[in-house]
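These are my notebook entries on a structure that I looked up. The sequence and the structure are placed first, and my entries follow.

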Amino acid sequence: MRKYTEDYENVVTMDDKGKEQTTAVYRGVYFEINLEEEELRRVKRNSLILLGAVILLHLLAGFVGNKGMYQYYVSLPYVVAFFPLLYLALGLFLLPREKRKYRRDEVGHSYYRARTSSLVLLIFLSIAVLGTIGFTLFGAEPGTRMLEYLFLSYEIPAVAANLILSSLLRKIKIQACEK
């Protein structure tokens with residue numbers, strides 16, 4: 001919140017009992033997006049459905065008892081991917097449903113957070129998939145590769161769902177506007 005303090009001004013007023021009350025008044029730039037209200041609802045709904053798919057597939061992949069998860073180049077990106085997944089969920093739940101003029105902090109906590117988190121999540125999920133493919137090709141014993149394929153069958157659709165989600169969020173254009 002500290003990075004948005006320049007957009008607010010503290011105004012001191014007196015209430016009817018004679019007490020001073022400090023109120024933060026927004027004085028910063030307002031933003032608007034290029035979608036209509038119905039499209040906003042559809043984007044938010046589709047984004048939350050894709051997020052649910054990514055979470056479900058990523059969690060299911062973690063329950064596979066494959067040997068690749070014992071390799072740091074697979075397990076580390078798998079675990080670290082939960083952090084951008086959390087921030088992505090926070091950003092998507094904060095996406096507004098109505099079309100209006102948004103403050104800088106509203107745009108930052110919803111759209112920009114979701115965009116950035118989906119990209120970071122895509123990177124970590126892709127590293128986990130590439131690490132598993134590398135382990136399957138070069139390190140796994142021939143009899144244990146089936147579990148690696150099962151892990152990949154969960155993680156690759158999670159990467160695809162996140163890629164769709166990321167492209168859906170990239171279509172939203174945000175621009176500064178007048179009050």
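Entry 1, a loop residue. I looked up Gln 71 and found it in the loop between helix 1 and helix 2. I note that helices (H or I, at least four residues) and strands (E, at least two) are DSSP runs, numbered from the N terminus. Gln 71 has 25% relative accessibility and therefore counts as partly exposed; buried means under 20% relative accessible area, exposed over 50%, and partly exposed in between, with a 1.4 Å probe and protein chains only. Between the C-alpha atoms of Gln 71 and Lys 3 I read a separation of 39 Å, the two residues being 68 apart along the chain.

Entry 2, the basis of the values. The model is predicted: local features need pLDDT of at least 70, side-chain atom pairs count only at pLDDT 80 or more, and totals for chains, interfaces and linings use all residues. Residues are numbered from 1 along each chain as its sequence is written, and side-chain values use heavy atoms, with hydrogens and water left out.

Entry 3, the chain as a whole. I recorded five helices and five strands in the protein chain. Read from the N terminus on, the order of elements is β-β-β-α-α-α-β-α-α-β. The C-alpha trace spans about 80 × 35 × 25 Å along its principal axes. The radius of gyration of the protein chain is 22 Å, whereas a compact globule of 179 residues would have one near 16 Å; the radius is taken over C-alpha atoms, and the globule rule is 2.2 Å times the number of residues to the power 0.38. Of the 179 residues, 39% count as buried. I also looked up contacts, which means heavy atoms within 4.5 Å. Among those between residues at least 6 apart in sequence, 73% join residues at least 24 apart.

Entry 4, the start of helix 1. Glu 37 lies in helix 1, and so does Glu 38, the helix covering residues 37-62. I asked whether each is buried or exposed. Glu 37, at 32% relative accessibility, counts as partly exposed, while Glu 38 is exposed, with a relative accessible area of 64%. Leaving aside residues up to four places away in sequence, Glu 37 touches Arg 97, Glu 98 and Lys 99. The C-alpha atoms of Glu 37 and Arg 100 are separated by 8.9 Å, with their positions 63 residues apart along the chain. For Glu 38 and Glu 98, 60 residues apart along the chain, the C-alpha separation is 8.3 Å.

Entry 5, a proline in helix 2. Pro 77 has its place in helix 2, residues 72-80. Its relative accessibility is 7%, so Pro 77 counts as buried. Which residues does Pro 77 touch, not counting those up to four places away in sequence? I listed Tyr 72, Phe 124, Ile 127 and Ala 128. Pro 77 and Leu 121 are 9.4 Å apart in space, C-alpha to C-alpha, and 44 residues apart in sequence.

Entry 6, helix 2 against helix 4. The axes of the two helices come within 8 Å and cross at roughly 160 degrees. That makes helix 2 roughly antiparallel to helix 4. Angles under 35 degrees count as roughly parallel, over 145 as roughly antiparallel, 65 to 115 as roughly perpendicular and the rest as oblique. Axes are lines fitted to C-alpha atoms, for helices over the stretch in contact, and angles run from 0 to 180 degrees between N-to-C directions. On the side of helix 2, the contact includes Tyr 73, Val 74 and Pro 77; on the side of helix 4, Phe 124, Ile 127 and Ala 128 are among the residues. I counted nine nonpolar, two polar and no charged residues in this contact.

Entry 7, helix 4 against helix 5. Helix 4 (residues 104-138) and helix 5 (residues 145-170) have axes that come within 9 Å and cross at roughly 155 degrees. The two helices are therefore roughly antiparallel to each other. Their contact holds 17 nonpolar, six polar and five charged residues. In this grouping Ala, Val, Leu, Ile, Met, Phe, Trp, Tyr, Cys and Pro count as nonpolar, Asp, Glu, Lys and Arg as charged, and the others, Gly among them, as polar.
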